[in-house]
Amino acid sequence: MSAFPEGFFWGAACASYQCEGAWNEDGKGPSIWDDFCHEMNGKHVKNDDTGDVACDSYHRYKEDVALMKQHNIQAYRFSISWPRVIPDGDGEVNEKGLQFYENLVDELLANGIEPMITLYHWDLPSALQDKGGWLNRDIIAAFGRFAGIVASRLKGKVKRYMTLNEPQCVAGGYGGTHGAPGLGLGGEKVAQVYHILCLAHSEAYRAIKAVDPTTIVGAAICGFFTYPEKDTPENREAAYKANFDLSSDQKPWSFTPNIFLDSLLLKKYDESAPAVVRKFAETIDPSDWEKMETLDFIGINVYNGDMVNEKGEYVKRYPGFPLTACKWPVTPEVMHYCVLNMHRRYGLPMVITENGQSCNDRVHMDGKVHDPERIDFLNRYLLELKKGIDEGAPVQGYLQWSILDNFEWSRGYDERFGIIYVDYRTGERIPKDSAAWYAKVIETNGECL
Ligand code: BGC
């Protein structure tokens, strides 16, 4: 295949709670994920797994960075644990926490790897949750302050930030019970969380720009993505409409990509918004809309999508459809169309901030970890991404999820998403076949695909 555009960047991602461990070291405060996991007896997390130790990256980050370098990784997206930096969320700063992230950034830079920071990947300081968390508007200022503190410390070293990871899942922690805080509240509260997340993004955006206006600030979103059954203009149109439809009885509005992005970028809800969202919208102070900031790029986390026919109906998957280890469908076409659809709606540059699959990886008799399914998955998705880019979608880079096997939230350690295997008994890292394959993809800027 022809190479990806010049300047396209390749990297990998992870998140603080999923890999750092050191949950109560060096002054770190507790987070809602610490609390969620520590409520055991199989209540929330498979096997009662916790992120207490995880990959121990807090102590082993130099080894991890060396492995990244060895595999040609150009950019590393990681998140900052808010309670490591500000233990209670809005009070005193924990110097040791900030120092850890500065050390990590320095190590990356020394190895020629660009640090890309996510400010919030779900590990909210427990003290803020006690005050209502993302339902309390006080969090907007607290998040802005946190963003400003991090940006000041890393000024001149970090160029790219993402304020939030997957607002869809943050809101899901309030509407559902599978992720922290797991409150299972009704739709109007979920809409309120989204609105506050938009204002918090905006506050953080301004705080980071105030420190350094040249910084690039986005957010990483997820949600349902569609692709057409047939590649006809009619079917493309139907898939586009279905992707942003908030009234579908098959796909809840609360997990669409646009429930968050429309507020920020279009400053309104889509006209398909259901009654519960419209009812919440009536309570919004009009001045809130003026506080909404843009994004310099949209980060998209893409794992799978749904096929839609020319009539705009979801197409049932055939029996025996390809699935990953965690039973997610393998639908590479989603890459091609999601970047086109997102570009058509918002017109902004994009980065694929996550993409990958979990496999039942294990160490084979030869001492290596062979993961042909992952290589096949990434290869297929990247070929489809290239089609979207060739049709004009401005995608600047691609980050594989994940550099290491890590704590996969309520599924614990059973799911392995890494291109580097982690033996959780010893902390040993073993690069999988996919790591060598990905190194080659990066070296050839995708030409070898
Ligand atoms: C999240 C990651 C997670 C991955 C795989 C995304 O929803 O941002 O934290 O590990 O998907 O489930």
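Here a biologist and a modeller talk through a predicted model and the reasons behind some of its labels.

Biologist: Let's start with the ligand. What makes a residue count as one that surrounds the ligand, and how many are there?

Modeller: The test is a heavy atom within 4 Å of the molecule. By that test 13 residues surround the ligand, and the closest are Gln18, Glu166, Glu354, Glu408 and Trp409.

Biologist: How do these shell residues divide into nonpolar, polar and charged?

Modeller: Six are nonpolar, four are polar and three are charged.

Biologist: Why is the pair between Glu354 and the ligand called a polar contact?

Modeller: A polar side-chain atom of Glu354 lies 2.8 Å from an oxygen atom of the ligand. The cut-off for a pair of N or O atoms is 3.5 Å, so the pair qualifies. Trp409 gives a similar case, with an N or O atom of its side chain 2.8 Å from a ligand oxygen.

Biologist: And what about Tyr303, what distance does its side chain show?

Modeller: An N or O atom in the side chain of Tyr303 is 3.4 Å from a ligand oxygen. That is still within 3.5 Å, so this pair is a polar contact too. As for cover, the protein hides 94% of the 310 Å² of accessible area that the ligand has on its own.

Biologist: Where does the ligand sit?

Modeller: In the largest pocket. To be placed there, more than half of a molecule's atoms must lie within 2 Å of the pocket's grid points.

Biologist: Now for the backbone. How do you know that the bond between Ala180 and Pro181 is cis?

Modeller: Omega is about 0° for that peptide bond. Pro181 is in the loop between α8 and α9. A cis peptide bond also joins Trp401 and Ser402, with omega about 15°, and Ser402 belongs to the loop between β10 and β11.

Biologist: Why point out such bonds, or a positive phi?

Modeller: Because most peptide bonds are trans, and most residues other than glycine have a negative phi.

Biologist: Which phi value does Lys267 have, and where does this residue lie?

Modeller: Phi of Lys267 is near 55°, a positive value. Lys267 lies in the loop between α11 and α12.

Biologist: Why is Lys267 called partly exposed, while Lys327 is called exposed?

Modeller: Lys267 has a relative accessibility of 37%, which falls between the limits of 20% and 50%, so it is partly exposed. Lys327 reaches 61%, which is over 50%, so Lys327 is exposed. Lys327 has a positive phi as well, near 70°, and is found in the loop between β8 and α14.

Biologist: That loop also holds Thr331. What makes Thr331 buried?

Modeller: Its relative accessible area is 0%, and buried means under 20%, so Thr331 is buried. The side chain of Thr331 reaches the backbone nitrogen of Gly305 at 2.8 Å.

Biologist: Let's turn to the helices. Is Gln192 in α9 buried or partly exposed, and why?

Modeller: At 22%, Gln192 is not under the 20% limit for buried, so it counts as partly exposed. Its C-alpha atom is 8.9 Å from that of Val277, 85 residues apart along the chain.

Biologist: Last one: why is Ala436 in helix α16 called exposed?

Modeller: Ala436 has 51% relative accessibility, and exposed means over 50%, so the label holds. Its C-alpha atom is 40 Å from that of Arg206, a residue 230 positions apart in sequence.

Note on methods. Residues numbered from 1 in each chain as written. Predicted model: local features only at pLDDT ≥ 70, side-chain atom pairs only at ≥ 80, totals over all residues. Heavy atoms only, no water. Polar contact = N/O pair within 3.5 Å; in protein donor to acceptor, adjacent residues only side chain to side chain. Areas by Shrake-Rupley, 256 points an atom, 1.4 Å probe, with all protein chains shown as cover. 1 Å grid on protein atoms, 1.4 Å probe; cavity = no way out; pocket = protein on both sides within 12 Å on 5 of 7 lines; lining within 4 Å. Nonpolar A, V, L, I, M, F, W, Y, C, P; charged D, E, K, R; others polar. Helix = DSSP H or I, 4+ residues; strand = E, 2+ residues; numbered from the N terminus. Buried < 20%, exposed > 50% of the residue type's maximum accessible area, 1.4 Å probe, protein only.
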